[in-house]
Amino acid sequence: MTSPRSDGRDVVVTGLGVTTAVGQGKDDFVAALLDGRHAFGFMRRPGRLPPAPAGDGAVAFLGAEMEEPGLPGSIAARTVRTASLSARAALTTVHEAWHEAGLDEADPSRIGLVVGGSNVQQRELTLLHARHADRPEFLRPTYGMGFMDSDLCGFLTEQFPIRGFAHTLGGASASGLLAVLQAVRAVQYGEADVCIAVGALMDLSYWECLAFRAMGAMGSHRWAGDPAAACRPFDRDHDGFVFGEACAAVVVERADGHRQPAPYARFRGGGRAMDGTRNPHPSVEGETAVIQAALREAGLPASAVDYVNPHGTGSPTGDAVELRALERCGLTHARINATKSITGHGLTAAGAVEIVATLLQMREGKLHPTRNLVDPLDERFPWVREKAEDCAVRTAVSLSMGFGGVSAAICLEKC
């Protein structure tokens, strides 16, 4: 679109929520980003340490684990007892976004929910299987709901008056961004007046960590002696992604119906595409296509983009491919940093977390540093490196890619 929609369905972002290992709530989160404050170390959460073989020490994985989510006082203790970590994180995150957007005043029948992520409660299920392996007859009935992705939808709509629609959307590490795009489309097409997109916390067990390590996607023990240096997006010494627990929520709604006096930004365009592969092989063509699609819908030339928040995982191949795609799209002039260098890779949550990071930086007029960017893969890009920098961002593009050939992009314009 070349200008805000004239049919009453121009879409704006009116509320944000975020819960991460480096900060819970928007204020703590943006302060951590601008300070470059990390939480990397060896993960110790039960279910993330595989049983040690006889005579060997336990395998440990590097990552960033959050503190217990700070739940609203109005939530019943029984609700908390039966809620997984993914559900507790989603609850506190949506609570923040809900109240910022003033959704208590909205018509519940016109509020939708899209939860980005699939198979997000694996650690909880691993612990439960181990606990009941010798006594399956004591398995709690709620397992019949908890193993399904729809459980998060049911849990959230039970706590908040969301009566329009609710469903999950799986796109691997692109899930969070895809959920925001789906929420925008729902408002544009009139399916809802307000829609909440959640990038769900993917609660990995040691099984997923072992598999990611075996395929070369997750960082090895190369940086075991210095966990703070392990997460290195776009640096020549990158060694794979480092996991970071996270959850984010983004409220989008019709521009002519929002209650918040100052929306964060206006949606300008989006793109999504498949590469036709099951494997985690990045594609320059696919990534280029979604960036171009987002700019085409926005009606903007590449030169109008001030800032790019990239996928930037620290993958030995993925980072280089992403930079080639940005070059093909004429975005070598745009300021760029890597949020995952601070938060770690939130997997299903990552795309939503990085949209929140983008919007908060736009509002602050500052861009956060990129940790561990000592020897960039490509010096031509105007990287934000050791320290936060002042930058007035009018238009931004955020990117997400996922296993299975998923690529997605979104273009946002400050209101």
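This is a short tour of two pockets, a small set of paired strands and one helix residue in a predicted model.

**Stop 1: the largest pocket**

Start by selecting S173, A217, P280, G402 and F403. These residues are the closest to the centre of the largest pocket, among the 39 that line it. The volume of this pocket is about 760 Å³.

Next, colour the elements that each give two or more residues to its lining: helices α8 (206-214) and α10 (318-328), then strands β14 (395-402) and β15 (406-414). How many lining residues of the largest pocket are nonpolar, polar and charged? The counts are 15 nonpolar, 19 polar and 5 charged.

**Stop 2: the second largest pocket**

Clear the selection and pick T82, A83, S84, T142 and D151. Out of 22 lining residues, these lie nearest the centre of the second largest pocket. The space in it comes to about 610 Å³.

Four elements can be shown here, each giving two or more residues to the lining: α2 (77-81), α4 (122-131), α5 (143-146) and α6 (150-159). Which of the elements gives the largest share of this lining? It is α4, with 5 residues. Colouring the lining of the second largest pocket by class should give 8 nonpolar, 7 polar and 7 charged residues.

**Stop 3: a three-stranded sheet**

Switch to a cartoon view and select residues 41-42, which are β2, residues 62-64, which are β3, and residues 243-244, which are β7. The 3 strands make up an open sheet with mixed pairing, and their order is β2-β3-β7. Strands β2 and β7 are the edges, each pairing on one side only.

As background, strands of a sheet pair through backbone hydrogen bonds, in either a parallel or an antiparallel sense. In which sense do β3 and β7 pair? The pairing of β3 with β7 is parallel and runs over 2 bridges. To see one residue pair in this sheet, select A64 together with G244, its bridge partner in β7.

**Stop 4: A298**

Finish by selecting residues 284-298, which form helix α9, and pick out A298 within it. Is A298 buried or exposed? Its relative accessible area is 0%, so A298 counts as buried, the cut-off being under 20%.

Now add I410 to the selection and draw a distance between the two C-alpha atoms. A298 and I410 are separated by 112 residues in sequence, while their C-alpha atoms are 9.4 Å apart in space. I410 falls within the range of β15 (406-414), one of the elements shown at the largest pocket.

How values were computed: Residues are numbered from 1 along each chain as its sequence is written. This is a predicted model: local features need pLDDT of at least 70, side-chain atom pairs count only at pLDDT 80 or more; totals for chains, interfaces and linings use all residues. Side-chain values use heavy atoms; hydrogens and water are left out. Buried means under 20% relative accessible area, exposed over 50%, partly exposed in between (1.4 Å probe, protein chains only). On a 1 Å grid over the protein atoms alone, a cavity is a set of points where a 1.4 Å probe fits but cannot get out, and a pocket is an open set with protein on both sides within 12 Å along at least five of seven lines; lining residues have an atom within 4 Å of a point. Grid points are joined across faces, edges and corners, and a volume is the space filled by probe spheres set on the points. Ala, Val, Leu, Ile, Met, Phe, Trp, Tyr, Cys and Pro count as nonpolar, Asp, Glu, Lys and Arg as charged, and the others, Gly among them, as polar. Two strands pair if DSSP finds at least two bridges between them.
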